[in-house]
Amino acid sequence: QVQLVESGGGLVQPGGSLRLSCAASRSISSINVMGWYRQAPGKQRELVAEMSSGGSTGYAEAVKGRFTISRDNAKNTVYLQMNSLKPEDTAVYYCHLRSALMPTLAYWGQGTQVTVSS
């Protein structure tokens with residue numbers, strides 16, 4: 001069993017920055033993908049950014065150039081640096097972890113609220 005513990009969410013003004021962190025209680029595979037999804041009320045959950053243990057990254061078009069995903073594999077931790085935040089970024093952000101070799105082995109964090117508002 002793996003638990004994903006998130007931190008860093010909160011309230012920020014437009015143009016501000018936040019850094020989200022997500023630590024897995026243990027590694028599930030040496031080859032895996034960790035990432036961030038978000039879901040706003042009335043909208044589907046969408047992928048924000050992801051990064052494989054090998055260093056490959058992917059970003060949603062809406063956040064390219066503003067958000068940066070990074071990992072510390074030794075700590076089983078993934079980060080999301082969010083800059084130039086916009087009200088449209090307001091959502092619950094969820095950490096996700098899956099094995100690249102066995103994708104059915106996957107876990108979700110509890111979600112952390114990010115609110116961008118004046």
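Let me begin with a pair of charged residues: Arg38 and Asp89 form a salt bridge, in which the closest N and O atoms are 3.0 Å apart. These two residues come from distant parts of the chain, since Arg38 lies in strand 4 and Asp89 in the loop between strand 8 and strand 9, 51 residues apart. I should say at once that this is a predicted model, and that what I describe has been computed from it.

Are the two partners buried or exposed? Arg38 has a relative accessibility of 6%, so it counts as buried, and Asp89, at 1%, counts as buried as well.

Asp89 also forms a salt bridge with Arg66, and here the closest N and O atoms are 2.8 Å apart. This pair, too, links distant parts of the chain, with Asp89 in the loop between strand 8 and strand 9 and Arg66 in the loop between strand 6, residues 57–59, and strand 7, 23 residues apart. Arg66 is buried, with a relative accessible area of 11%. Salt bridges that share partners bring Arg38, Glu46, Arg66 and Asp89 together in one network.

How many salt bridges does a search of the whole structure find? It finds four, and one of them joins the side chains of Lys64 and Glu61, at 2.7 Å from N to O. In this pair Lys64 is partly exposed, with a relative accessible area of 45%, while Glu61, at 62% relative accessibility, counts as exposed.

Let me turn now to the nonpolar residues. The largest nonpolar core has 29 residues, and those with the most contacts inside it are Trp36, Leu80, Met82 and Tyr93. Among the elements that give two or more residues to this core are strand 4 (32–39), strand 8 (77–82) and strand 9 (91–99), and strand 3, strand 5, strand 7 and strand 11 do so too.

Some of these strands can be followed into an open sheet of four strands, which has the order 1-3-8-7 and antiparallel pairing. Why is one side of strand 1 and of strand 7 left without a neighbour in the sheet? Strand 1, residues 4–7, and strand 7 stand at the edges, and each has a single partner strand, so one side of each has no neighbour there. From one strand to the next, the twist averages 15°. Strand 7 and strand 8 are paired in the antiparallel sense over six bridges, and within the sheet Ile69 stands opposite Leu80 in strand 8, Leu80 being one of the core residues I named a moment ago.

Strand 11 deserves a word of its own. Its covered face carries Thr112, Val114 and Val116, whereas Gln113 and Thr115 make up the uncovered one. Strand 2, residues 10–12, runs parallel to strand 11 and is joined to it by three bridges, with Gly10 opposite Val114. Strand 9 and strand 11 are likewise joined by three bridges, but these two run antiparallel, and here Tyr93 stands opposite Thr112.

Finally, which residues make the nonpolar surface patch of about 310 Å²? The patch is made by Ile31, Leu101 and Met102. Met102 sits in the loop between strand 9 and strand 10, residues 106–108, and with a relative accessibility of 44% Met102 counts as partly exposed.

Key:
Residues numbered from 1 in each chain as written. Predicted model: local features only at pLDDT ≥ 70, side-chain atom pairs only at ≥ 80, totals over all residues. Heavy atoms only, no water. Core = buried A, V, L, I, M, F, W, Y, C linked by side-chain atoms within 4.5 Å. Buried < 20%, exposed > 50% of the residue type's maximum accessible area, 1.4 Å probe, protein only. Pairing = 2+ DSSP bridges. Axes fitted to C-alpha atoms, helices over the stretch in contact; angles between N-to-C directions. Patch = residues over 30% accessible without salt bridge, like charges linked within 9 Å, V, L, I, M, F, W, Y side chains within 5 Å. Areas by Shrake-Rupley, 256 points an atom, 1.4 Å probe, with all protein chains shown as cover.
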